[in-house]
Amino acid sequence: MAMEQAQTTTATVYEEEESFYQDIELLQNHGINVADIKKLKAAGICTVRGIQMVTKKKLCNIKGLSEAKVDKMKEAVLKICGANAGFCTALQQSLNRRNIFRLTTGSMELNKLLGGGLESMAITEVFGEFRTGKTQLAHTLCVTTQLPGEGGFTGGKVIYIDTENTFRPDRLRPIADRFNLDQEAVLDNVLYSRAYTSEQQMELLDFVCAKFHEEPGIFKLLVVDSVMALFRVDFSGRGELAERQQSLAQMLSKLQKISEEYNVAVLVTNQMTSDPGATMSFQADPKKPIGGNIIAHASTTRISLRKGRGEMRVAKIYDSPDLPESEATFAITAGGLDDAKD
């Protein structure tokens, strides 16, 4: 009996993998016209799961979509998803999570801390003061994502959204040499975009969806460096705080949906702020990551970085649903992140 159950569940997983990228074009078979599907794609909704991730109100705000059309679309999605639309057992969910892959960071110690590497279908937030290695980690991952890994992982392309003008393509060359990869090919597999305002940062995510949909299964990592910098500039003072947090929540929600919809790893870097009230409560470290509770709840895993001796850096799990709180030491070398040499 248990054997039969296991077999049926395994069969479900294979079906799940096939249905992972259900193109939005499938809606045509259920009476939704091509023009409406085009409108959805323009709004960054390119898969059937994508429709489930958007509220009716948002869909109705898309120009040319009436409430009746939206209801029809939602019905069509339920027909396509069938049994997958509701609940599944924890065993099925455990098998579904086999699609998840992990990206190596270049440092064995840091990989061990992260349970094997940077997890896909999750947002990993890295925060620390300046020169603690956040951007260096992002640059190293741009190269290591292209390496084949465990469990049949074949490597893939990267999208890098830069808000602080700290991306240096030439920094990737020595890292590529360390892993014996062709420099030009490595650079060719990284798509780069510079965002100047928080609105543009949000719009870029629609292009990201379009790109992931154009080449399904090719992209494996999305980097946003740094996620909060532009929100800090565009919204100032207490008066605009609520609006800032609202925009930030929408952006992080979109990142989370992208990571789950297309099975990619998302790495966001974050800045620190000094907490003037901390001295009153005798905290050892009066600095804390910015973005408040919104970013704290949205990130799956949070890693705090601090400077060690010389080129050494210390990473600590600050918050994670499945990793124990511990530390790892790594070094920043010409070839990117590496294990610390004693």
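Modeller: Contact means heavy atoms within 4.5 Å. The model is predicted.

Colleague: Which residues does Q28 touch, not counting residues up to four places away in sequence?
Modeller: Q28 lies in the loop between α1 (2-18) and α2. Its relative accessible area is 36%. That falls between the 20% and 50% cut-offs, so Q28 is partly exposed. Leaving out residues up to four places away in sequence, Q28 touches V34 and I37.

Colleague: How many Å apart in space are Q28 and A76, C-alpha to C-alpha?
Modeller: In sequence, 48 residues separate Q28 and A76. In space, C-alpha to C-alpha, the separation is 9.3 Å.

Colleague: Is Q22 buried or exposed?
Modeller: Q22 is also placed in the loop between α1 and α2. Beyond its neighbours within four places in sequence, Q22 is in contact with C46, T47, V48, I80 and C81. Its relative accessible area is 17%. That is under the 20% cut-off, so Q22 is buried.

Colleague: How many helices and strands are there in the protein?
Modeller: The C-alpha trace spans about 65 × 55 × 45 Å along the principal axes. The protein has 14 helices and 13 strands.

Colleague: What is the radius of gyration of the protein?
Modeller: For 342 residues the globule rule gives 20 Å. The value for this protein is close to that, so it is as compact as a globular protein of that length. The radius of gyration is 21 Å.

Colleague: Among contacts between residues at least 6 apart in sequence, what percentage join residues at least 24 apart?
Modeller: Of the 342 residues, 47% count as buried. For the contacts you ask about, the share joining residues at least 24 apart is 67%.

Colleague: How much of the accessible surface belongs to carbon and sulfur atoms?
Modeller: The accessible surface of the protein comes to about 17500 Å². The share belonging to carbon and sulfur atoms is 53%.

Colleague: How many Å apart are the mean positions of the positive and negative charges?
Modeller: The protein carries 40 positive and 44 negative charges. Their mean positions are separated by 4 Å.

Colleague: How many salt bridges does a search of the whole structure find?
Modeller: Side chains of opposite charge can pair when their charged atoms come close. One such pair is E325 and K316, at 4.0 Å, N to O. E325 is exposed at 61% relative accessibility, whereas K316 is partly exposed at 29%. The search of the whole structure finds 17.

Colleague: Which residues are joined into one network by salt bridges that share partners?
Modeller: Shared partners are what tie these salt bridges together. The residues in this one network are K157, K211, E214 and E215.

Colleague: Which residue is the salt-bridge partner of K39?
Modeller: The two side chains meet at 3.4 Å, N to O. Both residues sit in helix α2 (residues 34-42), and because they are three residues apart, about one helical turn separates them. K39 is partly exposed at 27% relative accessibility. Its partner, buried with a relative accessible area of 4%, is D36.

Colleague: How many residues apart are D338 and R178?
Modeller: Their side chains meet in a salt bridge of 3.5 Å, N to O. D338 belongs to strand β13 (residues 336-339) and R178 to helix α9 (residues 172-178). R178 is partly exposed, with 28% relative accessibility. The pair links distant parts of the chain, with a separation in residues of 160.

Colleague: Which are the buried residues of α8?
Modeller: Helix α8 (residues 134-144) is mostly covered, with 10 of its 11 residues buried. These are K134, T135, L137, A138, H139, T140, L141, C142, V143 and T144.

Colleague: Which residue has a positive phi of about 60 degrees although it is not a glycine?
Modeller: Most residues other than glycine have a negative phi. The residue in question lies in the loop between β2 (118-119) and β3 (122-127). Its relative accessibility is 18%, so it counts as buried. It is M121.

Colleague: What is the phi of N180?
Modeller: N180 is in the loop between α9 and α10 (183-188). Its relative accessible area is 71%, over the 50% cut-off, so N180 is exposed. N180 is not a glycine, yet its phi is positive, at about 55 degrees.

Colleague: Where is the peptide bond from D225 to S226, and is it cis or trans?
Modeller: Most peptide bonds are trans. S226 is placed in the loop between β6 (219-225) and α12 (229-234). The bond from D225 to S226 has omega near 0 degrees, and is cis.

Notes
Residues numbered from 1 in each chain as written. Predicted model: local features only at pLDDT ≥ 70, side-chain atom pairs only at ≥ 80, totals over all residues. Heavy atoms only, no water. Helix = DSSP H or I, 4+ residues; strand = E, 2+ residues; numbered from the N terminus. Buried < 20%, exposed > 50% of the residue type's maximum accessible area, 1.4 Å probe, protein only. Rg over C-alpha atoms; globule rule 2.2 N^0.38 Å. Areas by Shrake-Rupley, 256 points an atom, 1.4 Å probe, with all protein chains shown as cover. Lys, Arg positive; Asp, Glu negative; His and termini not counted. Charge placed at Lys NZ, Arg CZ, Asp CG, Glu CD.
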